[in-house]
Amino acid sequence: MAVMDRQYRAAQRRGGRTAALGRGAAMSSTLGVEPASLLSAARASAATAYAPYSGFRVGAALLFSDGEIVTAANVENASYGLSLCAETLAVGAALASGRRGGLVAVAVAGADECQTVQPCGRCRQVLHELASLDSSDPAVITDSPDGPQRLLLSHLLPHAFGPDSLVIRAD
């Protein structure tokens with residue numbers, strides 16, 4: 001059993017599922033998938049990351065309303081600015097497969113089970129773009145020493161710039 005799974009179960013025993021999840025009510029009933037399972041999918045993806053320069057392996061798992069999970073891992077490049085984050089690649093894969101909305105949750109995890117990894121600003125913006133296609137506000141689930149933590153994307157990226165921010169002129 002993974003360390004995070006043990007920590008999650010211990011937090012459940014101490015204070016119920018809400019304590020294990022952090023802010024908010026039980027997620028499994030609203031997500032249809034246990035947060036620890038989604039984090040496990042992200043961690044498994046992190047194991048496939050191409051990170052020869054930093055060694056910082058990150059995986060992302062996107063959960064959609066139909067239950068499908070799309071995963072990806074970060075890909076580094078010798079020209080550091082061309083590196084690609086796991087979340088961005090997962091969103092790209094989802095869009096390339098025809099998904100337009102339905103994003104329920106995003107799990108982001110490092111290969112190290114006790115490492116807390118949050119989406120960077122660019123990834124938050126990319127996730128917002130996908131979520132805005134159907135006005136969803138997905139849960140963002142990350143590992144922490146206290147078990148899975150959950151925040152809404154709107155809390156991670158308040159006042160986000162999105163498609164509704166653009167003014168399109170008809171000349």
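Accessible areas here come from the Shrake-Rupley method with a 1.4 Å probe. With that in hand, we can start from the outside: the accessible surface of the chain comes to about 8600 Å², and carbon and sulfur atoms hold 54% of it. Of the 171 residues in the chain, 42% are buried.

Please keep in mind that this is a predicted model. The pLDDT averages 83 over the chain, and 80% of the residues score at least 70. One stretch calls for care: over residues 1-29 the pLDDT stays under 50, and the model has 59 contacts beyond four places in sequence for these residues.

Now let us walk along the chain. Its secondary structure comes to six helices and five strands, and in sequence order they follow the pattern α-α-α-β-β-α-β-α-β-β-α. As for how the chain folds back on itself, take the contacts with a separation of 6 or more: 66% of them join residues 24 or more positions apart.

The five strands form an open sheet with mixed pairing, in the order β2-β1-β3-β4-β5. The edges belong to β2 and β5 (149-152), each of which has a single partner strand, so one side of each is left without a neighbour in the sheet. On average, neighbouring strands of this sheet are turned by 20° against each other, direction ignored. Looking further into the sheet, β1 and β3 pair in the antiparallel sense over seven bridges, and G59 stands opposite A109 in β3.

Next comes helix α4, at residues 86-96, where A86, E87, T88, A90, V91 and A94 are buried. What covers these buried residues? The cover includes three strands, β1 (58-64), β2 (69-73) and β3 (103-110), together with the helix α5 (121-132). After α4 comes G98, which has a positive phi, near 100°.

Finally, a look at the cysteines. How many disulfides are there? With a cut-off of 2.5 Å between cysteine sulfur atoms, the count comes to zero. C85 is in no disulfide, and the nearest cysteine sulfur, that of C123, is 3.7 Å away. C85 itself is partly exposed, at a relative accessible area of 25%. Why is C120 not bonded to C123? The sulfur of C120 has its closest cysteine sulfur in C123, but the separation is 3.6 Å, which is too far for a bond. Like C85, C120 counts as partly exposed, with 33% relative accessibility.

Methods: Residues are numbered from 1 along each chain as its sequence is written. This is a predicted model: local features need pLDDT of at least 70, side-chain atom pairs count only at pLDDT 80 or more; totals for chains, interfaces and linings use all residues. Side-chain values use heavy atoms; hydrogens and water are left out. pLDDT is the predictor's confidence in each residue, from 0 to 100. Contact means heavy atoms within 4.5 Å. Buried means under 20% relative accessible area, exposed over 50%, partly exposed in between (1.4 Å probe, protein chains only). Helices (H or I, at least four residues) and strands (E, at least two) are DSSP runs, numbered from the N terminus. Two strands pair if DSSP finds at least two bridges between them. Axes are lines fitted to C-alpha atoms, for helices over the stretch in contact, and angles run from 0 to 180 degrees between N-to-C directions.
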